[in-house]
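The exercises below are meant to be worked with the sequence and the coordinates open side by side. Try each task before reading the solution that follows it.

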Amino acid sequence: MPSLTPDGIPRSQQAISVLWPSFIVAIVASGVFFSAFDPRDLIPFNLDIDISPVAAYSIGFLLFWLLALLSSFGTLYFTISNCRFLNKQGD
Amino acid sequence: MATTEAPPGEPVLYEAHKKIYPREVSGYFTRLRVISLVTLLGIYYITPLLQWDGRQAILFDLPARKFYLFGLTLWPQDFIYLAALLILAGLALFFFTAMLGRVWCGYACPQTVWTEAYLWMERKIEGTHNQRKKLDKAPTSAAKIRIKALKHTVWIAFSLWTGFTFVAYFTPIDELAAELLSLSLGPWETFWILFYSFATYGNAGFMREQVCKYMCPYARFQSAMFDSDTLIVAYHPERGEQRGSRRRGVEPATVGLGDCIDCNVCVQVCPTGIDIRDGLQYECIACSACIDACDEIMDKMSYPRGLIRYTTENSAIGKGQKILRPRIMVYAAILLLLSGLLVTHVAQRVALDLDVIRDRNTLYRETPEGLIENVYTLKILNMDSKPHRYTLWAEGIDGLKLVSDQPEIEVEEGSVFEMVVRLQADEYNLEARSVEVNFHLQAQDSNHLNASREARFVGPGSS
């Protein structure tokens with residue numbers, strides 16, 4: 001029975017398989033989100049935050065990326081740990 | 001399971017990555033490819049420099065939430081056009097893939113374009129593929145460090161220029177250049193220039209074909225759009241086999257061999273490091289380098305060209321080429337229909353928007369002349385690229401009067417104008433407590449620019 005473990009895949013490939021799809025998702029998400037909402041309207045009135053639009057869009061994008069990153073990382077983590085578990089059972 | 005071991009000094013990116021040193025190639029398709037790559041690079045670097053009506057021709061002005069596209073100014077509410085454009089791009093990819101195979105990968109994909117540019121710089125500095133291989137194997141020496149340092153300096157400079165150009169699509173390039181020269185770049189502009197530069201440097205300098213092989217979604221699903229009449233780069237095994245070396249000028253049949261002299265040049269020129277003679281592979285980006293390389297060898301051997309050539313699965317087995325097939329026609333029809341719709345829609349787009357908000361504090365009031373008066377706040381959005389003067393009127397009630405403190409309504413390009421207007425009507429002309437009225441706005445210099453909005457006019461009631 002061939003090994004189910006994707007552990008043979010180098011760390012860097014695992015990193016890219018998390019970073020890359022989440023990056024694409026972050027682009028789409030920020031495009032849709034910011035065409036509907038102006039970041040200036042999102043700051044509550046009682047908060048006096050002086051933030052440039054470019055900074056607001058950038059932070060928004062990075063937050064979307066972080067969010068998608070967590071999801072991608074979850075997928076990778078469960079895949080790897082499941083494979084380890086199933087391989088152990090198969091022994 | 002064996003984990004892959006990388007040669008010392010080479011970062012492991014994917015399975016047993018062997019650095020590929022594509023051999024230099026020349027010929028018809030290579031020239032075609034160079035023309036395409038240089039044109040696309042030129043478009044990328046020159047576009048932010050173009051001016052239109054005193055501003056940058058193409059600019060995603062994020063702070064102002066506007067997108068300038070030559071004479072057209074798009075607003076967030078025009079997002080639908082961007083979505084339509086993306087759908088069209090997707091369909092076009094389907095159409096061209098079904099017809100021409102992976103022509104996008106070989107001739108137009110940014111990954112290919114920048115990889116070739118970086119490879120060109122590498123060639124100019126480190127020499128031919130054999131010299132490069134030798135240099136990488138050579139022990140560290142002053143000369144090696146000098147050559148490598150020069151290459152990376154040139155690469156990084158080119159990357160920074162690429163990153164700068166990228167940010168110039170979002171921040172006007174003259175402002176950006178002035179900020180850069182006075183060393184007063186904003187932190188986020190700096191971040192994005194460095195981010196994009198680093199991505200370019202990594203993708204085009206190091207990752208190269210690995211992006212196509214392991215990261216590109218299109219490479220994975222493009223085969224689903226293929227059929228037996230799709231253009232592919234293929235080796236002609238019936239003609240080539242039995243492959244084997246022989247002296248120049250030998251008739252293949254006399255030595256019991258096919259036309260392939262097994263010189264391996266097709267493998268050496270391949271930027272993804274595959275052997276096209278093994279058949280169609282997903283790693284093949286259809287760059288056609290092997291076609292030119294093989295044709296050159298065939299010329300030297302005085303054999304006919306085309307042992308590796310552009311062909312289709314059907315014509316390879318002698319079934320003939322069929323260009324107009326149902327799949328192509330359906331893709332083409334949908335593509336034409338959608339692009340037609342988009343173009344008409346954009347052409348008929350009215351660059352004017354009118355919003356009417358009734359004053360909620362008072363229902364109505366009576367003027368000294370005994371007329372019923374309602375107050376409205378109007379928001380006029382001029383989405384056009386030049387200022388306009390507008391005429392405003394309202395109708396819906398007999399003898400309706402529009403009173404405003406603004407004698408002229410002039411709105412600058414791309415801005416919102418807010419004004420308060422009062423509507424006055426005689427109570428006897430009101431048919432109900434609340435009557436529908438319509439505001440109309442018309443640009444004085446263009447019949448096409450008009451907008452209407454309905455509102456309610458409230459009176460004491462007819463009872």
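**Exercise 1. Strand pairing in chain B**

Task: Determine in which sense strand 10 and strand 14 of chain B pair, and over how many bridges.

Solution: Strand 10 (residues 372–382) of chain B runs antiparallel to strand 14 (residues 415–425) of chain B, and the pairing extends over 11 bridges. To fix the register, take Leu378(B), which stands opposite Met419(B) in strand 14 of chain B. Strand 14 of chain B also pairs with strand 12 (residues 401–404) of chain B, again in the antiparallel sense, over four bridges. Here the register can be read from Val403(B), whose bridge partner in strand 14 of chain B is Arg422(B). These pairings belong to a predicted model, and the confidence values are taken up in the last exercise.

**Exercise 2. A glycine in a loop**

Task: Decide whether Gly399(B) is buried or exposed, and find which residues it is in contact with beyond four places in sequence.

Solution: Begin with the location, which is the loop between strand 11 (388–395) and strand 12 of chain B. Next, count neighbours: Gly399(B) has 10 C-beta neighbours inside 10 Å and therefore counts as exposed, since the cut-off for that class is 12 or fewer. Finally, leaving aside neighbours within four places in sequence, Gly399(B) is in contact with Ala425(B), Asp426(B) and Asn429(B). For one of these, Asp426(B), the C-alpha atom is 7.3 Å from that of Gly399(B), although the two residues are 27 apart along the chain.

**Exercise 3. Helix lengths and buried residues**

Task: Test whether the end-to-end distances of helix 2 and helix 13 of chain B agree with the expected spans, and then identify the buried residues of helix 2 and of helix 13.

Solution: Helix 2 (residues 79–100) of chain B has 22 residues, so at 1.5 Å a residue it should span 32 Å, and the 31 Å between its end C-alpha atoms agrees with this. Its buried residues are Thr97(B), Ala98(B) and Met99(B), and the elements that cover them include strand 6 (231–235) and helix 15 (326–348) of chain B. Just after this helix, Gly101(B) takes a positive phi of about 70°.

The same reasoning applied to helix 13 of chain B gives an expected span of 18 Å for its 13 residues, with which the 19 Å between its end C-alpha atoms agrees. Its buried residues are Ala289(B), Cys290(B), Ile291(B), Asp292(B), Ala293(B), Cys294(B) and Asp295(B), and they pack against helix 1 (28–46), strand 6, helix 12 and strand 7 (308–312) of chain B. Just after helix 13 of chain B, Ser302(B) takes a positive phi of about 60°.

**Exercise 4. Backbone values to inspect**

Task: Find where Ala286(B) lies and where Ser288(B) lies, and establish whether Ala286(B) is buried or exposed.

Solution: As background, most residues other than glycine have a negative phi, and most peptide bonds are trans. Ala286(B) has a positive phi near 55°, and Ser288(B) has a positive phi near 65°. Ala286(B) lies in the loop between helix 12 and helix 13 (289–301) of chain B, as does Ser288(B). Ala286(B) counts as buried because it has 22 C-beta neighbours inside 10 Å, and Ser288(B) is buried with 24 other C-beta atoms within 10 Å. A further backbone feature is the cis peptide bond from Glu241(B) to Gln242(B), with omega near -5°; Gln242(B) is placed in the loop between helix 11 (237–240) and helix 12 (265–269) of chain B.

**Exercise 5. Domains and confidence**

Task: Find how many residues of domain 1 of chain B are in contact with domain 2 of chain B, and state what ipTM the predictor gives the complex.

Solution: The domain assignment of chain B gives domain 1 (7–349) and domain 2 (352–458), whose centres, taken over C-alpha atoms, are separated by 56 Å. Five residues of domain 1 of chain B are in contact with four residues of domain 2 of chain B, and the side contributed by domain 1 divides into one nonpolar, two polar and two charged residues.

For confidence, the predictor gives the complex an ipTM of 0.86 and a pTM of 0.83. Chain B has a mean pLDDT of 90, with 96% of its residues at 70 or more, but over residues 1–6 of chain B the pLDDT is below 50. Chain A averages 82, with 87% of its residues scoring at least 70, and its residues 1–5 stay under 50.

Definitions and conventions
Residues are numbered from 1 along each chain as its sequence is written. Chains are lettered from A and ligands numbered from 1 in the order in which they are written. This is a predicted model: local features need pLDDT of at least 70, side-chain atom pairs count only at pLDDT 80 or more; totals for chains, interfaces and linings use all residues. Helices (H or I, at least four residues) and strands (E, at least two) are DSSP runs, numbered from the N terminus. A residue is buried if 20 or more other C-beta atoms lie within 10 Å of its own, exposed if 12 or fewer, and partly exposed in between; C-beta atoms are placed from the backbone. Domain bounds come from an automatic or database domain assignment. Two residues are in contact if their C-beta atoms, placed from the backbone, lie within 7 Å. Ala, Val, Leu, Ile, Met, Phe, Trp, Tyr, Cys and Pro count as nonpolar, Asp, Glu, Lys and Arg as charged, and the others, Gly among them, as polar. pLDDT is the predictor's confidence in each residue, from 0 to 100. Two strands pair if DSSP finds at least two bridges between them. The expected span of a helix is 1.5 Å times one less than its number of residues.
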